[in-house]
Amino acid sequence: MKIICIGRNYIDHAKELNNPVPKRPVFFMKPDSALVIRNRPFFYPEFSKDVHHELEVVIKIDRLGRSIQEKFASRYYSEVGLGIDFTARDLQAEMKSKGLPWEIAKGFDYSAPVSKFFPLSKFKDINQIHFHLKLNGETVQTGNTQDMIFSFDKIIAYVSQFVTLKTGDLIYTGTPAGVGPVQINDHLEAYLEENKIMDFYVK
Ligand code: MG
C-alpha cells in the first residue's frame with residue numbers, strides 16, 4: 001500500500017506557513033514503513049529538532065482505479081479515519097529553500113500514525129465532518145472537511161491521473177491551521193466528531 005498526502009488543502013494552514021493557496025492539489029507520498037497503527041507511540045527522530053503534528057482526515061481506497069472522473073470518485077472509498085502527518089519542519093524548510101523534495105521531512109519512520117477506520121455511512125455529510133486534536137489535554141487543532149479547498153472526490157480525480165490507486169491505499173487529506181511542535185512525553189488525542197479515535201504518546 002502507499003500513503004498519499006495532500007498539502008495546503010485548508011486556506012488557514014496555507015496562510016500560517018506563508019504558502020500560496022494552490023490552484024491544483026499538491027501531493028506527496030510516504031512509504032508504508034511510516035505507518036503507525038493501534039495507538040502505538042510516535043518515536044521522535046534524532047535528525048530533527050522541530051517535528052510538528054498535522055492532524056488530517058484520512059480516507060481509505062477500496063477499489064483499484066486510475067484516471068478516475070470526479071463524478072465517480074465516491075465509489076473508490078467507503079471508510080474514513082484520522083491520521084497525523086508528522087513533519088520535520090526544520091528539514092522541510094531546508095529542502096524547500098533548496099527546491100529539493102520533502103521525503104526526509106515527511107516520509108521518515110513513524111511519521112504516519114493512523115486511527116481505525118469507520119464507514120462513511122455513519123456520517124450525515126462527509127463534506128461536513130468535524131475533527132480536532134488535543135495536545136496534553138489542550139485543543140490545538142480544529143478542522144471541518146467543509147473547509148477543504150479540494151474535496152475527497154476532487155483529490156481522487158486529480159491524484160489518479162498520475163498514480164494508480166489500489167485497495168488499501170490511504171489518502172491524508174491535508175491539515176487545518178494550528179500545526180505545532182511536539183516533544184518527547186507529549187500526549188496526543190484525536191477526535192472525529194465527538195469520538196476519540198487516537199490516543200498515543202511521543203517517545
Ligand atoms: Mg500534511
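Two rings of Phe, Tyr or Trp count as an aromatic pair when their centres lie within 6.5 Å, and planes over 60 degrees apart make the pair edge-to-face. With that in hand, let us walk through this structure, which is a predicted model.

## Aromatic rings

A good place to start is the aromatic cluster, which is formed by Phe42, Tyr44, Phe47, Phe86, Phe108 and Phe200. Across the model, the count comes to 12 aromatic pairs. Two of the pairs are set side by side below.

| Pair | Centre to centre | Angle between planes | Arrangement |
|---|---|---|---|
| Phenylalanine 42 and tyrosine 44 | 6.5 Å | 65 degrees | edge-to-face |
| Phenylalanine 47 and phenylalanine 108 | 5.5 Å | 80 degrees | edge-to-face |

What does the pair of phenylalanine 47 and phenylalanine 108 tie together? Phenylalanine 47 lies in the loop between strand S3 (35-36) and strand S4 (51-53), while phenylalanine 108 lies in the loop between helix H3 (103-106) and strand S8 (112-113), so their pairing ties together parts that are 61 residues apart in sequence.

Burial is worth a look here too. Phenylalanine 42 and tyrosine 44 are both buried. Phenylalanine 108, at 7% relative accessibility, counts as buried because the cut-off is under 20%. Phenylalanine 47 has a relative accessible area of 45%, so it is partly exposed, a class that runs between 20% and 50%.

Another ring has a charged partner: arginine 63 lies over the face of tyrosine 76, at 4.7 Å from the ring centre.

## The magnesium site

Which residues hold the protein donors of the magnesium ion? They are Glu54 (OE), Glu56 (OE) and Asp85 (OD), and these donors lie 2.0 to 2.1 Å from the ion. Along the sequence, the donor residues follow the spacing E-x1-E-x28-D. Both glutamates can be placed by their burial: glutamate 54 counts as buried at 4% relative accessibility, and glutamate 56 is buried with a relative accessible area of 1%.

## The cavity

Glu54 turns up again in the lining of the largest cavity, where Gly7, Arg8, His13, Glu54 and Lys106 lie nearest the centre among 17 lining residues. The elements that give two or more residues to this lining are S1 and helix H2 (89-98). H2 supplies the largest share, 3 residues. The space inside comes to about 110 Å³, and the model has 1 cavity of 30 Å³ or more.

His13 also leads us to alanine 177, which touches Asp12, His13, Glu16, Val140 and Gln141 when residues up to four places away in sequence are not counted. Alanine 177 sits in the loop between S12 and strand S13 (180-181). From proline 31, alanine 177 is 146 residues away in sequence and 25 Å away in space, C-alpha to C-alpha.

## Helix H4

Is helix H4 (residues 152-162) mostly covered or mostly uncovered? This helix is mostly covered, with 8 of its 11 residues buried. The buried ones are Phe152, Asp153, Ile155, Ile156, Ala157, Tyr158, Val159 and Ser160. What do they pack against? Their partners are strand S1 (3-7), strand S2 (26-30), strand S5 (55-61), strand S6 (77-84) and strand S12 (170-172).

Strand S1 therefore links two parts of this tour, because S1 is among the packing partners of H4 and also gives two or more residues to the lining of the largest cavity, with strands counted as DSSP runs of at least two residues.

Key. Residues are numbered from 1 along each chain as its sequence is written. This is a predicted model: local features need pLDDT of at least 70, side-chain atom pairs count only at pLDDT 80 or more; totals for chains, interfaces and linings use all residues. Side-chain values use heavy atoms; hydrogens and water are left out. Donors are N, O and S atoms within 2.8 Å of the metal (3.2 Å for Na, K and Ca); water is not among the atoms, so sites may look incomplete. Buried means under 20% relative accessible area, exposed over 50%, partly exposed in between (1.4 Å probe, protein chains only). Helices (H or I, at least four residues) and strands (E, at least two) are DSSP runs, numbered from the N terminus. Contact means heavy atoms within 4.5 Å. Rings of Phe, Tyr and Trp (its six-membered ring) pair if their centres lie within 6.5 Å; planes under 30 degrees apart count as stacked, over 60 as edge-to-face and the rest as tilted. A charge sits over a ring if NZ of Lys or CZ of Arg is within 6 Å of the ring centre and within 35 degrees of the ring normal. On a 1 Å grid over the protein atoms alone, a cavity is a set of points where a 1.4 Å probe fits but cannot get out, and a pocket is an open set with protein on both sides within 12 Å along at least five of seven lines; lining residues have an atom within 4 Å of a point. Grid points are joined across faces, edges and corners, and a volume is the space filled by probe spheres set on the points.
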